[in-house]
Amino acid sequence: MKTKSMLISLLMAAMAFTFSQCGGNKNDDSHHGHGEAVAEQPVTEAQAPAETVQPQFAVDSRFQEQLATVFTAYILLKEAFVTSDASKVGVEATATTKSLAGADMKLLSGAAHNDWMTYLNGMETALSTIASSSDIEVQREAFSTVTENLYKSIKAYGLGGATAYYDFCPMAFNNQGGFWLSDAEEIRNPYFGDQMLTCGSVWERLK
């Protein structure tokens with residue numbers, strides 16, 4: 001119970017900190033796409049990436065390479081969300097689905113295989129929703145599901161050396177908060193695009 005309480009306290013503290021970084025003052029027009037430069041925030045201890053998390057399972061390096069290919073496709077999808085272009089997002093969702101087909105589940109066994117089946121189903125279903133919708137907000141909600149399952153996949157199997165950054169924006173989804181993955185520490189928010197491009201912080205670093 002103490003551990004759970006500590007985790008909740010840390011989450012709330014991080015959300016409060018990030019909220020202040022994302023324009024808690026609603027009268028600040030620099031966060032609403034008026035073309036003003038957003039000042040770079042100094043990296044603090046609260047913002048700094050956590051210690052790199054190592055994979056849960058020891059798996060065939062070929063599967064890690066295949067998962068890294070999925071991650072690359074996901075990054076292109078994330079960047080499409082940054083542009084807020086629903087049509088482009090749909091195209092990249094289809095491409096990400098194709099990359100998933102290249103991940104050979106036969107390279108996994110036991111619990112690793114069973115978990116992958118769950119993650120794969122979650123990603124495929126959400127990507128199908130993204131590809132078939134022209135509503136950017138519906139697409140973004142499904143994107144959060146893709147993110148959740150890919151995040152769990154990377155934590156479970158690793159990327160064979162590549163690094164993934166797990167980012168968080170407390171203002172996404174009506175201030176409920178939203179996560180996404182990135183291949184760089186730079187924040188490029190897929191939930192608001194150029195309205196609040198740099199809103200968020202690195203939550204975790206994965207390999």
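**Exercise 1. Find which residues Y157 touches in this predicted model, and then place Y157 within the nonpolar core.**

Leaving aside neighbours within four places in sequence, Y157 is in contact with P55, F57, V59, F63, Q64, L67, L108, A112, D115, W116 and Y119. The model is a predicted one, and the next step is to look at the core to which this residue belongs. The largest nonpolar core has 51 residues, and among them W116, Y157 and L181 touch the most other members. Two or more residues of this core are given by each of helix 2 (61-82), helix 3 (86-101), helix 4 (110-132), helix 5 (136-157), strand 1 (164-169), strand 2 (178-182) and strand 3 (201-206). Helix 2 supplies the largest share, which is 10 residues.

**Exercise 2. Describe how the protein chain is built from helices and strands, and how much of the chain is buried.**

Begin with the count, which comes to 6 helices and 3 strands in the protein chain. Read from the N terminus on, these elements follow the order α-α-α-α-α-β-α-β-β. Turning to burial, 43% of the 207 residues of the protein chain count as buried. As a last step, consider the contacts with a separation of 6 or more, of which 68% are accounted for by residues 24 or more positions apart.

**Exercise 3. Work out how helix 3 is oriented against helix 2 and against helix 4.**

Take helix 2 first: its axis and that of helix 3 come within 9 Å and cross at roughly 170°. An angle over 145 degrees counts as roughly antiparallel, and therefore helix 2 and helix 3 are roughly antiparallel to each other. On the side of helix 2 the meeting residues are T69, V70, A73, Y74, L76, L77, A80 and F81, while helix 3 brings K88, V89, E92, A93, A95, T96, S99 and L100.

Now take helix 4, which packs with helix 3 at an angle of about 155°, the two axes being 8 Å apart. This angle makes helix 3 roughly antiparallel to helix 4 as well. The contact involves V89, G90, A93, T94, T96, T97 and L100 of helix 3, together with W116, L120, M123, E124, L127, I130 and A131 of helix 4. Helix 3 passes helix 4 in a left-handed crossing.

**Exercise 4. Explain why C169 and C199 are not joined by a disulfide, and describe the surroundings of C169.**

A disulfide is a covalent bond between the sulfur atoms of two cysteines. The cysteine sulfur closest to that of C169 is in C199, at 3.4 Å, whereas the cut-off for a disulfide is 2.5 Å; the pair is therefore too far apart for a bond. In agreement with this, a search of the whole structure finds 0 disulfides. C169 counts as buried, at 0% relative accessibility. N189, in the loop between strand 2 and strand 3, also counts as buried, at 0% relative accessibility. Apart from neighbours within four places in sequence, N189 is in contact with V82, C169, W180, M196, L197 and C199.

**Exercise 5. Examine the phi values of N174 and N175, and decide for each residue whether it is buried, partly exposed or exposed.**

Most residues other than glycine have a negative phi. N174, however, has a positive phi near 55°, and N175 has a positive phi of about 70° although it is not a glycine. N174 is placed in helix 6 (residues 172-175), and N175 lies in helix 6 too. With a relative accessible area of 73%, N174 is exposed, while N175, at 45%, is partly exposed.

How values were computed
Residues are numbered from 1 along each chain as its sequence is written. This is a predicted model: local features need pLDDT of at least 70, side-chain atom pairs count only at pLDDT 80 or more; totals for chains, interfaces and linings use all residues. Side-chain values use heavy atoms; hydrogens and water are left out. Buried means under 20% relative accessible area, exposed over 50%, partly exposed in between (1.4 Å probe, protein chains only). A nonpolar core is a set of buried Ala, Val, Leu, Ile, Met, Phe, Trp, Tyr and Cys residues joined through side-chain atoms within 4.5 Å. Helices (H or I, at least four residues) and strands (E, at least two) are DSSP runs, numbered from the N terminus. Contact means heavy atoms within 4.5 Å. Axes are lines fitted to C-alpha atoms, for helices over the stretch in contact, and angles run from 0 to 180 degrees between N-to-C directions. Angles under 35 degrees count as roughly parallel, over 145 as roughly antiparallel, 65 to 115 as roughly perpendicular and the rest as oblique. A crossing is left-handed if the near helix is turned anticlockwise from the far one by less than a right angle, and right-handed if clockwise.
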